[in-house]
Amino acid sequence: MSDLNKLGLADARDALRAGDVTSVELTEACLKAIDEADALNAFVHKTPEIAMERAKAADERIKGGDAPSMCGLPIGIKDLFCTKGVPSQAASGILEGFKPEYESTVSQQLADAGAVMLGKLNMDEFAMGSSNETSVYGNAVSPWRRGNDDAQLTPGGSSGGSASAVAADLCLAATGTDTGGSIRQPAAFVGITGIKPTYGRCSRWGIVAFASSLDQAGPMTKNVRDAAIMLETMCGHDAKDSTSADLAVPNFEAMLTGDIKGKKIGIPKEYRMDGMPAEIEKLWADGAAMLKDAGAEIVDISLPHTKYALPAYYVIAPAEASSNLARYDGVRYGHRAQLAQGDGITEMYEKTRAEGFGHEVQRRVMVGTYVLSAGFYDAYYNRARKVRTLIKKDFEDVFAAGVDAILTPATPSAAFGLGEMTEADPVQMYLNDVFTVTVNLAGLPGISVPAGLDTQGLPLGLQLIGRPWEEGDLLNTAYALENAAGFVAKPGKWW
């Protein structure tokens with residue numbers, strides 16, 4: 001078999017079980033692809049020794065006949081997950097040289113299932129960004145190009161390295177995290193599948209925190225079936241995370257029947273916004289028609305507090321970030337600034353943070369500290385928390401009325417060029433986040449499925465939002481949409 005790195009998880013698993021290929025061969029194919037793809041800047045810490053060691057162990061396990069689905073499958077791990085003995089920097093200068101003595105619960109569960117870690121993936125610093133342009137490692141680059149244009153495009157953020165690596169077939173799948181859309185937006189930009197599970201479904205232990213009430217890990221994969229396989233391994237109760245749900249994890253793959261007859265799919269009127277490009281409008285309408293043809297009932301719904309989601313998010317997330325990032329002080333681990341004679345502890349904190357944090361992180365920490373300060377706590381933070389409750393209730397009311405899933409665009413446009421963001425139309429930027437942040441504020445599961453190409457040949461995604469804890473049902477609806485859309489486009493190799 002040639003081009004082994006182009007396989008998805010399900011196909012590779014079946015080939016491993018049939019004895020057509022070994023994990024060592026799969027892993028070697030991916031490592032070769034990674035070494036040839038430095039132009040994408042997706043992998044920032046390569047771990048070939050760990051990969052080969054795990055691949056050999058996986059082959060022995062598969063021979064024994066008791067291997068779980070993920071056994072022997074080569075994947076990438078976002079740099080936000082702590083991995084024992086391997087640099088885990090959250091793409092920040094302040095964590096330079098940090099090699100944890102422990103493993104995050106999610107990456108441990110994947111390792112226990114026999115998955116092969118190829119290395120750590122690029123991302124926005126501390127997961128703060130939508131274009132992977134805030135990384136200490138430099139920009140991650142999308143494998144896609146606009147027509148005959150050579151301009152480098154963003155793979156989205158913050159899980160940009162994960163998105164780029166999966167789309168370019170450097171790994172079979174990757175982990176991502178999603179605080180305001182950081183799995184779903186990059187997945188949409190590069191034509192892959194990304195699911196953010198219900199808040200509490202995956203343990204956050206050992207994942208570098210950005211906003212603790214919003215962060216959630218999830219898989220980024222080549223298709224919906226692969227997402228179901230990987231998500232099942234990543235989920236589960238963890239006593240080390242007090243927000244982790246003690247619920248049984250179903251066999252998500254077994255729930256992929258493609259049968260959605262009688263399901264009610266809601267179309268929220270508030271997501272139809274001024275300035276939305278016609279091709280996004282058409283993609284959304286086409287998606288609804290596909291689901292209707294598959295037997296679902298399409299209903300118009302209202303989520304009245306949607307317009308307040310972005311302001312609420314940009315108060316709550318920076319507030320939690322300023323609290324979480326207070327631990328980076330140059331005392332215990334990571335970067336410490338060189339001090340002048342006579343400098344005290346205050347100067348050490350100031351200089352270390354000024355050197356270690358990038359501008360976007362500094363900006364969010366300052367905003368967060370401001371909204372939590374004594375005079376503004378009620379005016380901003382408490383008000384944002386009340387708005388969040390109203391947004392959550394909007395969704396609860398819709399689901400109580402019998403809606404099974406909600407269909408929206410994943411992003412307001414295709415991927416933009418690196419460096420273009422600064423001059424972007426603010427309406428476009430507003431739209432960019434508003435489709436995804438509501439899902440985090442309400443703690444719901446959401447999935448992005450590639451559904452078409454824009455006029456320049458770039459991927460566009462549709463988002464499905466599900467009921468809490470019903471990822472299996474959501475994945476099945478996504479599976480029906482994926483089958484109907486028939487998206488098979490891949491980027492042409494230029495790197």
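A residue is called buried here when its relative accessible area is under 20%. By this criterion Y271 and F435 are both buried in the predicted model, and the two rings make a good entry point to the aromatic contacts of the structure.

Y271 and F435 form a stacked aromatic pair, with 5.7 Å from centre to centre and 15° between the planes. Their contact links distant parts of the chain: Y271 belongs to the loop between strand 7 (264-268) and helix 8 (278-293), whereas F435 is in helix 13, and 164 residues separate the two.

Across the whole structure, a search returns 14 aromatic pairs. One of these is formed by F189 and F416, whose rings meet edge-to-face at 5.8 Å centre to centre, with 85° between the planes. F189 is part of helix 6 (residues 184-190) and F416 is part of the loop between strand 9 (405-409) and helix 13 (426-442), so this pair ties together parts that are 227 residues apart in sequence. Both F189 and F416 are buried.

Aromatic residues also come together in a group: F98, F126, Y328, Y333 and F357 make up one aromatic cluster.

Arginine side chains add a further kind of contact with aromatic rings. R272 places its charged end over the ring of W284, at 4.7 Å from the ring's centre. In another such contact, R353 lies over the face of Y349, and the distance to the ring centre is 5.5 Å. Readers following along in the structure may like to view R272 with W284 and R353 with Y349 after the stacked pair of Y271 and F435.

Methods:
Residues are numbered from 1 along each chain as its sequence is written. This is a predicted model: local features need pLDDT of at least 70, side-chain atom pairs count only at pLDDT 80 or more; totals for chains, interfaces and linings use all residues. Side-chain values use heavy atoms; hydrogens and water are left out. Rings of Phe, Tyr and Trp (its six-membered ring) pair if their centres lie within 6.5 Å; planes under 30 degrees apart count as stacked, over 60 as edge-to-face and the rest as tilted. Helices (H or I, at least four residues) and strands (E, at least two) are DSSP runs, numbered from the N terminus. Buried means under 20% relative accessible area, exposed over 50%, partly exposed in between (1.4 Å probe, protein chains only). A charge sits over a ring if NZ of Lys or CZ of Arg is within 6 Å of the ring centre and within 35 degrees of the ring normal.
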